[in-house]
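Visitor: Please choose one part of this structure and go through it closely. I would like to know what sits beside what, and what is covered.

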Amino acid sequence: MQKCTYMDNSATTRLDERVLEAMTPYFFQTYAVATSEFGYSLGIEAREALDKARATIASHLGASPEEFIFTSGDTESNNMALKGVALALGQKKGKHLIVSKIEDFPVLHSAQALERQGFRVTYLPVDGDGFVDLDMLAKAIDKETILVSIQHANQEIGTIQDIAAIAELCKKKGTLFHMDATHSFTRVPVSVKDVPVDLVTVSAHTIHGPRGIGGLYVRKKTPIAKWMDGGFQEFDMRAGLENIPAAVGFAAAVELVTDEENTRLATMRDLIMNYLLTEVPSTTLNGHRTKRTPQNANVSFHFVEGESITLHLDMRGYAVSTGSACFSRSLEGSHVIYGIGGDHERAHGSIRFTLGRYNTMEEVDGIVTTIAGIVRDLRKISPLAPHDDPKDRKSK
(Lines give C-alpha, C1' and ligand atoms only; values in the text may rest on other atoms or scores of the structure.)
Protein backbone atom coordinates (compact mmCIF):
# COMPACT_ATOMS: atom_id res chain seq x y z
CA MET A 1 0.00 0.00 0.00
CA GLN A 2 1.45 3.37 -1.03
CA LYS A 3 1.94 6.15 1.49
CA CYS A 4 -1.13 8.36 1.63
CA THR A 5 -1.15 12.07 2.36
CA TYR A 6 -4.54 12.46 4.03
CA MET A 7 -6.31 15.81 3.73
CA ASP A 8 -9.93 14.82 4.42
CA ASN A 9 -9.86 15.50 8.15
CA SER A 10 -13.41 16.88 8.24
CA ALA A 11 -14.65 13.42 7.32
CA THR A 12 -12.67 11.86 10.13
CA THR A 13 -9.21 12.10 11.64
CA ARG A 14 -6.44 9.69 12.49
CA LEU A 15 -6.56 8.75 16.17
CA ASP A 16 -3.78 10.33 18.19
CA GLU A 17 -1.66 7.66 19.89
CA ARG A 18 -1.89 9.60 23.16
CA VAL A 19 -5.66 9.35 22.98
CA LEU A 20 -5.45 5.58 22.50
CA GLU A 21 -3.07 5.37 25.47
CA ALA A 22 -5.59 7.19 27.65
CA MET A 23 -8.40 4.89 26.50
CA THR A 24 -6.62 1.53 26.83
CA PRO A 25 -7.04 0.95 30.61
CA TYR A 26 -10.82 1.25 30.22
CA PHE A 27 -10.87 -1.66 27.79
CA PHE A 28 -8.75 -4.08 29.83
CA GLN A 29 -8.64 -2.92 33.47
CA THR A 30 -11.42 -0.56 34.48
CA TYR A 31 -13.96 -2.07 32.10
CA ALA A 32 -16.99 -2.34 34.36
CA VAL A 33 -20.29 -0.55 33.91
CA ALA A 34 -20.28 2.82 35.64
CA THR A 35 -21.97 2.54 39.03
CA SER A 36 -22.74 4.96 41.86
CA GLU A 37 -20.80 5.30 45.09
CA PHE A 38 -22.80 2.37 46.47
CA GLY A 39 -21.58 -0.06 43.80
CA TYR A 40 -18.40 -2.13 43.59
CA SER A 41 -14.95 -0.57 43.27
CA LEU A 42 -14.42 -1.29 39.57
CA GLY A 43 -17.74 0.36 38.72
CA ILE A 44 -17.00 3.35 40.94
CA GLU A 45 -13.66 3.85 39.16
CA ALA A 46 -15.44 3.71 35.82
CA ARG A 47 -17.97 6.29 37.03
CA GLU A 48 -15.18 8.58 38.20
CA ALA A 49 -13.48 8.36 34.80
CA LEU A 50 -16.75 9.18 33.04
CA ASP A 51 -17.40 12.14 35.33
CA LYS A 52 -13.87 13.48 34.83
CA ALA A 53 -14.16 13.21 31.05
CA ARG A 54 -17.52 14.98 31.13
CA ALA A 55 -16.13 17.82 33.23
CA THR A 56 -13.12 18.25 30.93
CA ILE A 57 -15.18 18.54 27.75
CA ALA A 58 -17.85 20.72 29.36
CA SER A 59 -15.21 23.14 30.63
CA HIS A 60 -13.96 23.71 27.07
CA LEU A 61 -17.49 24.84 26.23
CA GLY A 62 -17.76 27.03 29.30
CA ALA A 63 -20.47 24.70 30.61
CA SER A 64 -21.03 22.80 33.82
CA PRO A 65 -20.70 18.98 33.74
CA GLU A 66 -24.41 18.35 34.35
CA GLU A 67 -25.19 20.27 31.15
CA PHE A 68 -23.24 17.86 28.94
CA ILE A 69 -24.71 14.61 27.61
CA PHE A 70 -22.52 11.99 25.94
CA THR A 71 -23.86 10.56 22.66
CA SER A 72 -22.61 8.30 19.89
CA GLY A 73 -21.56 11.30 17.78
CA ASP A 74 -22.74 14.41 15.99
CA THR A 75 -25.52 12.62 14.12
CA GLU A 76 -27.20 11.49 17.33
CA SER A 77 -26.58 14.85 19.02
CA ASN A 78 -28.25 16.77 16.20
CA ASN A 79 -31.17 14.35 16.13
CA MET A 80 -31.53 14.69 19.89
CA ALA A 81 -31.49 18.49 19.72
CA LEU A 82 -34.11 18.88 17.00
CA LYS A 83 -36.37 15.97 17.85
CA GLY A 84 -36.01 16.39 21.61
CA VAL A 85 -37.12 20.02 21.45
CA ALA A 86 -39.90 19.11 19.02
CA LEU A 87 -41.20 16.47 21.43
CA ALA A 88 -41.00 18.86 24.35
CA LEU A 89 -42.58 21.92 22.73
CA GLY A 90 -44.50 20.72 19.68
CA GLN A 91 -47.80 20.47 21.51
CA LYS A 92 -47.18 23.38 23.87
CA LYS A 93 -45.77 26.28 21.89
CA GLY A 94 -45.75 25.50 18.18
CA LYS A 95 -44.43 23.34 15.37
CA HIS A 96 -42.08 25.66 13.52
CA LEU A 97 -38.31 25.20 13.17
CA ILE A 98 -35.71 27.18 11.22
CA VAL A 99 -32.50 25.74 9.76
CA SER A 100 -30.12 27.08 7.14
CA LYS A 101 -30.04 25.52 3.68
CA ILE A 102 -26.38 24.53 4.04
CA GLU A 103 -26.58 22.58 7.31
CA ASP A 104 -24.99 19.15 7.44
CA PHE A 105 -27.24 16.17 6.75
CA PRO A 106 -27.99 15.21 10.39
CA VAL A 107 -29.72 18.56 10.88
CA LEU A 108 -31.31 18.76 7.42
CA HIS A 109 -32.62 15.21 7.50
CA SER A 110 -33.87 15.57 11.08
CA ALA A 111 -35.78 18.67 9.99
CA GLN A 112 -37.22 16.80 7.01
CA ALA A 113 -38.28 13.93 9.28
CA LEU A 114 -40.11 16.40 11.52
CA GLU A 115 -41.81 17.87 8.45
CA ARG A 116 -43.22 14.44 7.69
CA GLN A 117 -44.65 14.43 11.21
CA GLY A 118 -46.50 17.70 10.68
CA PHE A 119 -43.92 20.28 11.69
CA ARG A 120 -43.27 23.36 9.59
CA VAL A 121 -39.63 24.04 8.65
CA THR A 122 -38.14 27.20 7.16
CA TYR A 123 -34.94 26.55 5.21
CA LEU A 124 -33.10 29.84 5.46
CA PRO A 125 -30.99 30.88 2.43
CA VAL A 126 -27.41 32.13 2.82
CA ASP A 127 -25.31 34.63 0.89
CA GLY A 128 -22.43 33.92 -1.48
CA ASP A 129 -20.01 33.27 1.38
CA GLY A 130 -22.42 31.07 3.31
CA PHE A 131 -23.59 33.60 5.90
CA VAL A 132 -27.12 33.73 7.29
CA ASP A 133 -28.81 37.14 6.98
CA LEU A 134 -29.90 38.32 10.44
CA ASP A 135 -32.78 40.42 9.12
CA MET A 136 -34.09 37.45 7.17
CA LEU A 137 -33.79 35.25 10.24
CA ALA A 138 -35.64 37.80 12.37
CA LYS A 139 -38.52 37.91 9.87
CA ALA A 140 -38.68 34.10 9.73
CA ILE A 141 -39.15 33.70 13.49
CA ASP A 142 -42.82 33.75 14.45
CA LYS A 143 -44.87 32.98 17.55
CA GLU A 144 -44.81 29.23 16.77
CA THR A 145 -41.04 28.97 16.28
CA ILE A 146 -39.61 26.58 18.83
CA LEU A 147 -36.04 26.16 17.58
CA VAL A 148 -33.46 27.76 15.29
CA SER A 149 -30.60 25.44 14.29
CA ILE A 150 -27.65 27.05 12.54
CA GLN A 151 -24.15 25.57 12.43
CA HIS A 152 -21.14 27.34 13.86
CA ALA A 153 -18.95 26.43 10.88
CA ASN A 154 -19.88 24.75 7.63
CA GLN A 155 -18.65 21.23 6.98
CA GLU A 156 -17.71 21.88 3.34
CA ILE A 157 -16.73 25.53 2.92
CA GLY A 158 -15.60 26.29 6.48
CA THR A 159 -17.49 29.59 6.82
CA ILE A 160 -17.93 30.65 10.46
CA GLN A 161 -21.29 32.20 11.31
CA ASP A 162 -21.75 35.18 13.63
CA ILE A 163 -23.04 32.91 16.34
CA ALA A 164 -23.13 35.58 19.02
CA ALA A 165 -25.45 37.78 16.94
CA ILE A 166 -27.68 34.84 16.00
CA ALA A 167 -27.91 33.66 19.61
CA GLU A 168 -28.78 37.14 20.87
CA LEU A 169 -31.49 37.48 18.23
CA CYS A 170 -33.03 34.13 19.18
CA LYS A 171 -32.93 35.06 22.87
CA LYS A 172 -34.63 38.38 22.12
CA LYS A 173 -37.30 36.60 20.06
CA GLY A 174 -37.88 33.99 22.76
CA THR A 175 -36.92 30.92 20.73
CA LEU A 176 -34.34 28.24 21.45
CA PHE A 177 -31.08 28.18 19.51
CA HIS A 178 -29.09 25.05 18.60
CA MET A 179 -25.58 25.22 17.14
CA ASP A 180 -23.81 22.35 15.40
CA ALA A 181 -20.15 22.80 16.34
CA THR A 182 -18.90 19.51 14.91
CA HIS A 183 -16.35 21.26 12.69
CA SER A 184 -15.43 24.13 14.97
CA PHE A 185 -15.18 22.74 18.51
CA THR A 186 -11.65 23.43 19.88
CA ARG A 187 -10.71 25.01 16.53
CA VAL A 188 -12.75 28.21 16.92
CA PRO A 189 -13.20 29.57 20.47
CA VAL A 190 -16.76 29.82 21.77
CA SER A 191 -18.12 29.79 25.31
CA VAL A 192 -21.72 29.28 26.35
CA LYS A 193 -20.98 31.66 29.22
CA ASP A 194 -20.63 34.49 26.70
CA VAL A 195 -22.98 33.33 23.94
CA PRO A 196 -26.60 32.52 24.90
CA VAL A 197 -26.82 29.34 22.85
CA ASP A 198 -29.14 26.68 24.29
CA LEU A 199 -27.84 23.50 22.67
CA VAL A 200 -24.44 22.68 21.12
CA THR A 201 -23.40 19.57 19.19
CA VAL A 202 -19.76 18.39 19.40
CA SER A 203 -17.90 15.29 18.26
CA ALA A 204 -14.53 13.61 18.81
CA HIS A 205 -13.88 12.24 15.33
CA THR A 206 -12.86 15.62 13.86
CA ILE A 207 -10.15 16.35 16.46
CA HIS A 208 -8.12 13.10 16.43
CA GLY A 209 -10.37 11.44 18.99
CA PRO A 210 -12.22 8.12 18.71
CA ARG A 211 -15.17 7.61 16.40
CA GLY A 212 -18.58 6.83 17.84
CA ILE A 213 -18.51 9.41 20.63
CA GLY A 214 -19.90 12.92 20.75
CA GLY A 215 -21.99 15.08 22.97
CA LEU A 216 -24.77 17.61 23.31
CA TYR A 217 -24.60 20.63 25.56
CA VAL A 218 -28.05 21.44 26.95
CA ARG A 219 -28.35 24.68 28.92
CA LYS A 220 -30.10 24.28 32.27
CA LYS A 221 -33.90 24.54 32.07
CA THR A 222 -33.92 24.06 28.29
CA PRO A 223 -37.12 22.15 27.42
CA ILE A 224 -36.01 18.93 25.72
CA ALA A 225 -37.59 15.47 25.86
CA LYS A 226 -35.90 12.09 25.92
CA TRP A 227 -36.43 10.60 22.46
CA MET A 228 -34.69 7.21 22.78
CA ASP A 229 -36.21 4.71 25.21
CA GLY A 230 -34.16 2.49 27.47
CA GLY A 231 -32.30 2.99 30.72
CA PHE A 232 -31.65 6.03 32.87
CA GLN A 233 -28.12 6.91 31.77
CA GLU A 234 -26.89 10.44 31.04
CA PHE A 235 -29.19 12.21 33.48
CA ASP A 236 -32.06 10.11 32.11
CA MET A 237 -31.65 11.83 28.75
CA ARG A 238 -29.74 9.27 26.68
CA ALA A 239 -30.45 5.59 27.23
CA GLY A 240 -27.69 3.04 26.66
CA LEU A 241 -24.52 1.72 28.22
CA GLU A 242 -21.94 4.50 28.60
CA ASN A 243 -18.93 4.23 26.28
CA ILE A 244 -16.34 5.03 28.92
CA PRO A 245 -13.18 4.34 26.87
CA ALA A 246 -14.45 6.62 24.12
CA ALA A 247 -15.52 9.32 26.60
CA VAL A 248 -12.04 9.28 28.13
CA GLY A 249 -10.55 9.44 24.63
CA PHE A 250 -12.77 12.37 23.69
CA ALA A 251 -11.59 14.31 26.74
CA ALA A 252 -7.96 13.51 25.96
CA ALA A 253 -8.41 14.67 22.36
CA VAL A 254 -9.93 17.96 23.52
CA GLU A 255 -6.99 18.68 25.81
CA LEU A 256 -4.44 17.96 23.07
CA VAL A 257 -5.68 20.72 20.75
CA THR A 258 -3.62 23.89 21.16
CA ASP A 259 -3.70 27.44 19.82
CA GLU A 260 -0.32 26.79 18.22
CA GLU A 261 -1.73 23.84 16.31
CA ASN A 262 -4.68 25.86 15.05
CA THR A 263 -2.34 28.63 13.91
CA ARG A 264 -0.22 26.08 12.04
CA LEU A 265 -3.31 24.66 10.33
CA ALA A 266 -4.42 28.14 9.29
CA THR A 267 -0.98 28.83 7.79
CA MET A 268 -1.18 25.67 5.67
CA ARG A 269 -4.78 26.46 4.73
CA ASP A 270 -3.77 29.90 3.48
CA LEU A 271 -0.92 28.46 1.44
CA ILE A 272 -3.34 26.11 -0.33
CA MET A 273 -5.84 28.86 -1.08
CA ASN A 274 -3.28 31.44 -2.15
CA TYR A 275 -1.38 29.08 -4.44
CA LEU A 276 -4.39 27.58 -6.18
CA LEU A 277 -6.19 30.89 -6.65
CA THR A 278 -3.03 32.57 -7.94
CA GLU A 279 -1.34 29.85 -9.95
CA VAL A 280 -4.27 27.86 -11.35
CA PRO A 281 -6.53 29.84 -13.75
CA SER A 282 -10.33 29.67 -13.60
CA THR A 283 -10.65 28.75 -9.94
CA THR A 284 -13.13 30.00 -7.34
CA LEU A 285 -12.81 30.01 -3.57
CA ASN A 286 -15.85 28.60 -1.78
CA GLY A 287 -16.58 30.22 1.57
CA HIS A 288 -15.30 33.41 3.14
CA ARG A 289 -11.61 34.17 2.64
CA THR A 290 -10.80 34.80 6.32
CA LYS A 291 -13.89 33.97 8.40
CA ARG A 292 -13.41 30.23 8.05
CA THR A 293 -12.13 27.36 10.17
CA PRO A 294 -8.33 27.05 10.30
CA GLN A 295 -8.36 23.57 8.77
CA ASN A 296 -10.58 24.18 5.72
CA ALA A 297 -9.85 25.23 2.14
CA ASN A 298 -12.44 24.63 -0.61
CA VAL A 299 -11.79 25.52 -4.23
CA SER A 300 -13.78 24.95 -7.41
CA PHE A 301 -11.84 24.20 -10.61
CA HIS A 302 -13.86 25.20 -13.65
CA PHE A 303 -14.14 23.03 -16.79
CA VAL A 304 -13.19 19.78 -14.97
CA GLU A 305 -15.00 17.29 -12.71
CA GLY A 306 -14.03 17.10 -9.06
CA GLU A 307 -14.28 13.30 -9.13
CA SER A 308 -11.62 13.15 -11.86
CA ILE A 309 -9.31 15.34 -9.81
CA THR A 310 -9.72 13.22 -6.67
CA LEU A 311 -9.08 10.00 -8.60
CA HIS A 312 -5.88 11.38 -10.13
CA LEU A 313 -4.77 12.66 -6.73
CA ASP A 314 -5.48 9.27 -5.19
CA MET A 315 -3.26 7.59 -7.77
CA ARG A 316 -0.51 9.96 -6.67
CA GLY A 317 -1.04 9.28 -2.97
CA TYR A 318 -3.26 12.18 -1.91
CA ALA A 319 -6.69 11.87 -0.24
CA VAL A 320 -9.11 14.80 -0.50
CA SER A 321 -12.86 15.00 -0.96
CA THR A 322 -15.08 16.37 -3.68
CA GLY A 323 -18.02 18.66 -3.10
CA SER A 324 -20.42 16.45 -5.02
CA ALA A 325 -22.28 13.67 -3.27
CA CYS A 326 -20.75 10.78 -5.22
CA PHE A 327 -20.26 8.90 -1.96
CA SER A 328 -24.03 8.56 -1.72
CA ARG A 329 -24.18 6.84 -5.11
CA SER A 330 -25.83 9.86 -6.66
CA LEU A 331 -24.67 12.38 -9.21
CA GLU A 332 -25.96 15.33 -7.25
CA GLY A 333 -23.65 18.26 -6.66
CA SER A 334 -22.97 19.68 -3.22
CA HIS A 335 -26.06 21.26 -1.66
CA VAL A 336 -23.69 23.69 0.05
CA ILE A 337 -22.19 24.99 -3.20
CA TYR A 338 -25.66 25.31 -4.70
CA GLY A 339 -26.75 27.03 -1.50
CA ILE A 340 -24.14 29.78 -1.87
CA GLY A 341 -25.20 30.42 -5.46
CA GLY A 342 -22.96 28.01 -7.31
CA ASP A 343 -24.04 26.38 -10.55
CA HIS A 344 -23.67 22.77 -11.70
CA GLU A 345 -20.12 23.29 -12.93
CA ARG A 346 -18.94 24.91 -9.73
CA ALA A 347 -20.64 22.30 -7.56
CA HIS A 348 -19.15 19.38 -9.46
CA GLY A 349 -15.72 20.95 -9.73
CA SER A 350 -15.19 21.70 -6.04
CA ILE A 351 -12.46 20.10 -3.95
CA ARG A 352 -12.34 20.27 -0.16
CA PHE A 353 -8.97 20.18 1.59
CA THR A 354 -9.24 19.71 5.37
CA LEU A 355 -6.06 19.62 7.39
CA GLY A 356 -5.15 17.86 10.59
CA ARG A 357 -2.43 17.41 13.18
CA TYR A 358 -0.32 15.11 11.05
CA ASN A 359 -0.18 17.21 7.89
CA THR A 360 3.05 19.04 7.11
CA MET A 361 4.03 22.07 5.05
CA GLU A 362 5.93 19.75 2.72
CA GLU A 363 2.71 17.83 2.03
CA VAL A 364 0.89 21.07 1.29
CA ASP A 365 3.62 22.14 -1.14
CA GLY A 366 3.37 18.75 -2.82
CA ILE A 367 -0.40 18.64 -3.23
CA VAL A 368 -0.82 22.14 -4.66
CA THR A 369 1.80 21.63 -7.36
CA THR A 370 0.41 18.17 -8.10
CA ILE A 371 -3.17 19.36 -8.42
CA ALA A 372 -2.11 22.25 -10.65
CA GLY A 373 -0.62 19.75 -13.10
CA ILE A 374 -3.66 17.47 -12.91
CA VAL A 375 -6.09 20.30 -13.63
CA ARG A 376 -3.96 21.53 -16.53
CA ASP A 377 -3.89 18.04 -18.10
CA LEU A 378 -7.62 17.44 -17.57
CA ARG A 379 -8.50 20.75 -19.18
CA LYS A 380 -6.54 19.84 -22.28
CA ILE A 381 -9.02 17.03 -22.95
CA SER A 382 -12.12 18.74 -21.58
CA PRO A 383 -14.72 19.79 -24.17
CA LEU A 384 -15.84 22.51 -21.74
CA ALA A 385 -12.50 24.27 -21.35
CA PRO A 386 -11.65 27.18 -23.67
CA HIS A 387 -8.36 26.43 -25.36
CA ASP A 388 -7.01 29.93 -25.59
CA ASP A 389 -4.21 31.22 -23.37
CA PRO A 390 -5.24 30.26 -19.83
CA LYS A 391 -3.31 33.19 -18.40
CA ASP A 392 -5.97 35.48 -19.79
CA ARG A 393 -8.55 34.02 -17.40
CA LYS A 394 -8.44 35.19 -13.81
CA SER A 395 -9.34 33.29 -10.67
CA LYS A 396 -11.77 34.61 -8.11
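Guide: Two strands count as paired if DSSP finds at least two bridges between them. The model is a predicted one, and the part to begin with is a sheet. In general, strands of a sheet pair through backbone hydrogen bonds, either parallel or antiparallel.

This sheet is open and has four strands, in the order β9-β10-β13-β12, with antiparallel pairing. The edges are taken by β9, residues 283-285, and β12, residues 321-322; each has a single partner strand, so one side of each is left without a neighbour in the sheet.

Strand β13 covers residues 350-354 and pairs with β12 in the antiparallel sense, over two bridges. Across from Thr322 stands Ile351 of β13. Ser321 has Arg352 of β13 as its bridge partner. Strand β13 is also joined to β10, by five bridges, and these two strands run antiparallel as well. On that side, Arg352 in β13 is the residue opposite Asn298. Arg352 therefore appears in both pairings, facing Ser321 and Asn298, by the DSSP bridges that define pairing.

Strand β13 is mostly covered, as five of its five residues are buried. Their side chains go two ways: Ser350, Arg352 and Thr354 point to one side, Ile351 and Phe353 to the other, and all are buried. A helix packs on the sheet too: α14, residues 361-380, touches β9, β10 (296-301) and β13. The direction of α14 makes about 15 degrees with that of β10.

For a second covered element, look at helix α9, residues 244-256. Helix α9 has 13 residues and reaches 19 Å from its first C-alpha to its last, close to the 18 Å expected at 1.5 Å a residue. At the N-terminal end of α9, Asn243 acts as a cap, with a side-chain oxygen 3.3 Å from the backbone nitrogen of Ala246.

Eleven of the 13 residues of α9 are buried; among them are Ile244, Pro245, Val248, Phe250 and Val254. The buried residues of α9 pack against the helices α1 (17-23), α2 (25-28) and α3 (41-61), and also against the strands β2 (68-71), β7 (199-203) and β8 (214-218).

Rings come next. The count of aromatic pairs comes to three. In one of them, the rings of Phe68 and Phe70 have centres 5.2 Å apart and planes at 90 degrees, so the pair is edge-to-face. Phe68 has a relative accessible area of 1% and is buried, and Phe70, at 5%, counts as buried too. Another pair involves the helix just described: Phe185 and Phe250 have ring centres 6.4 Å apart and planes at 85 degrees, so this pair is edge-to-face. This pair links distant parts of the chain, with Phe185 in the loop between β6 (176-180) and β7, and Phe250 in α9, 65 residues apart. Both Phe185 and Phe250 are buried.

One loop residue closes the tour. Thr222 lies in the loop between β8 and α8 (233-236), and Thr222 is buried, with a relative accessible area of 11%. A polar atom of the Thr222 side chain lies 2.8 Å from the backbone oxygen of Arg219. Leaving aside residues up to four places away in sequence, Thr222 touches Leu176, Asp198 and Leu199.

Key. Residues numbered from 1 in each chain as written. Predicted model: local features only at pLDDT ≥ 70, side-chain atom pairs only at ≥ 80, totals over all residues. Heavy atoms only, no water. Contact = heavy atoms within 4.5 Å. Axes fitted to C-alpha atoms, helices over the stretch in contact; angles between N-to-C directions. Expected span 1.5 Å × (residues − 1). Buried < 20%, exposed > 50% of the residue type's maximum accessible area, 1.4 Å probe, protein only. Polar contact = N/O pair within 3.5 Å; in protein donor to acceptor, adjacent residues only side chain to side chain. Phe/Tyr/Trp six-rings, centres within 6.5 Å; stacked < 30°, edge-to-face > 60°.
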